[in-house]
Amino acid sequence: MKLSNKLLIILGIVIFMLPLGIVVAVNSGGVNKNEYIHSLEEESKSFAAETKHLSGNALKAYKSITIKSEGPQDLILHLVQDSHYGFKSTYALPDVEVVDAANGETILHFKNPSWQSAYVYLYAPDFEHISLENFNLSKLSTREDSLKLDVINSPWSFNVADNESLKSMDITLQGSKIENVNFGELEQLNLSLINSEIKMESKSYKKLALNLNNAKFVMEGENNVNPTFNQLSVLSQGQSYINFPKKTIVQNIDGKLSDSTIMVVPAFLLKNLIK
């Protein structure tokens, strides 16, 4: 048998054994998946709660916080209102570097990214501005009614669903390409795209504001929903592309398009944008 074939067989066995090894490792510690998730819920309820599977530290009061990964990483982010500033995560403390910048920003730098989802819990009296770098946001949990979120180098997903209180978001995507997105029940969305692409299903908003800079925005019409907007604002720079479903309904529209922007919408909507 050729050496290359032997190597392929060995690689196949290793890949097959990985999930089994993980299960054995968890069970050998006397914890199954359901118990583990329940334990995380209990440990994360407050910053003062005792921890077994999570590690963390107190943080200085900050105006904004950046969560940065050394490489691509899936993220499940919980924003927990607490009288203390701090964080907990499924990362070991030596793998998390905390930097307090002079401008009042705190940076959590997560080293050694894993194929497993990173659970991160932030604690603060309230949350206004959060930045993510090199993360896929698979889930966001918060009780805030509004939030400003900057996302840098996200290669796939963005999910802020299942947050009943969250009604308004300012989101900036930079160097990102998102094709799996769920904005939940937002009523107002301010979306800035810088050298980024986003594709989403049809969704209605009271107010949608788009600001594109060499970017692409596509709202697909495949889920039999005619998107309706009380207010639609569109600004574009550079070579940008904007696409809405044919049966889009808009009460008021304003904005300005760059000369090199392509916008696919019902013709009557363009008259207030072409100046």
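**Aromatic pairs and the surroundings of Gly56**

Both Tyr91 and Phe110 are buried. They belong to a predicted model, in which 8 aromatic pairs are found. The rings of Tyr91 and Phe110 make up one of these pairs, and it is edge-to-face because the planes stand at 80°, over the 60 degrees required, with the centres 5.0 Å apart.

**The Tyr91 and Phe110 pair**
- This pair links distant parts of the chain, since Tyr91 lies in the loop between strand E3 (86-89) and strand E4 (96-100), while Phe110 lies in strand E5 (residues 105-110), 19 residues apart.

**The Phe217 and Phe244 pair**
- Phe217 and Phe244 also form an aromatic pair, which is tilted, with 5.4 Å from centre to centre and 50° between the planes.
- Distant parts of the chain are linked here as well, with Phe217 in strand E16 (residues 216-220) and Phe244 in the loop between strand E18 (241-243) and strand E19 (249-256), 27 residues apart.
- Phe217 counts as buried because its relative accessibility is 0%, and Phe244 is likewise buried, with a relative accessible area of 3%.
- Phe217 and Phe244 belong to one aromatic cluster that also includes Tyr205 and Phe229.

**Gly56**
- Gly56 is part of strand E1 (residues 55-58), and it counts as partly exposed because its relative accessibility is 24%.
- Leaving aside residues up to four places away in sequence, Gly56 touches Phe87, Lys88 and Leu93.
- Between Gly56 and Tyr91 there are 8.5 Å in space, C-alpha to C-alpha, although the two are 35 residues apart in sequence.

How values were computed
Residues are numbered from 1 along each chain as its sequence is written. This is a predicted model: local features need pLDDT of at least 70, side-chain atom pairs count only at pLDDT 80 or more; totals for chains, interfaces and linings use all residues. Side-chain values use heavy atoms; hydrogens and water are left out. Helices (H or I, at least four residues) and strands (E, at least two) are DSSP runs, numbered from the N terminus. Buried means under 20% relative accessible area, exposed over 50%, partly exposed in between (1.4 Å probe, protein chains only). Contact means heavy atoms within 4.5 Å. Rings of Phe, Tyr and Trp (its six-membered ring) pair if their centres lie within 6.5 Å; planes under 30 degrees apart count as stacked, over 60 as edge-to-face and the rest as tilted.
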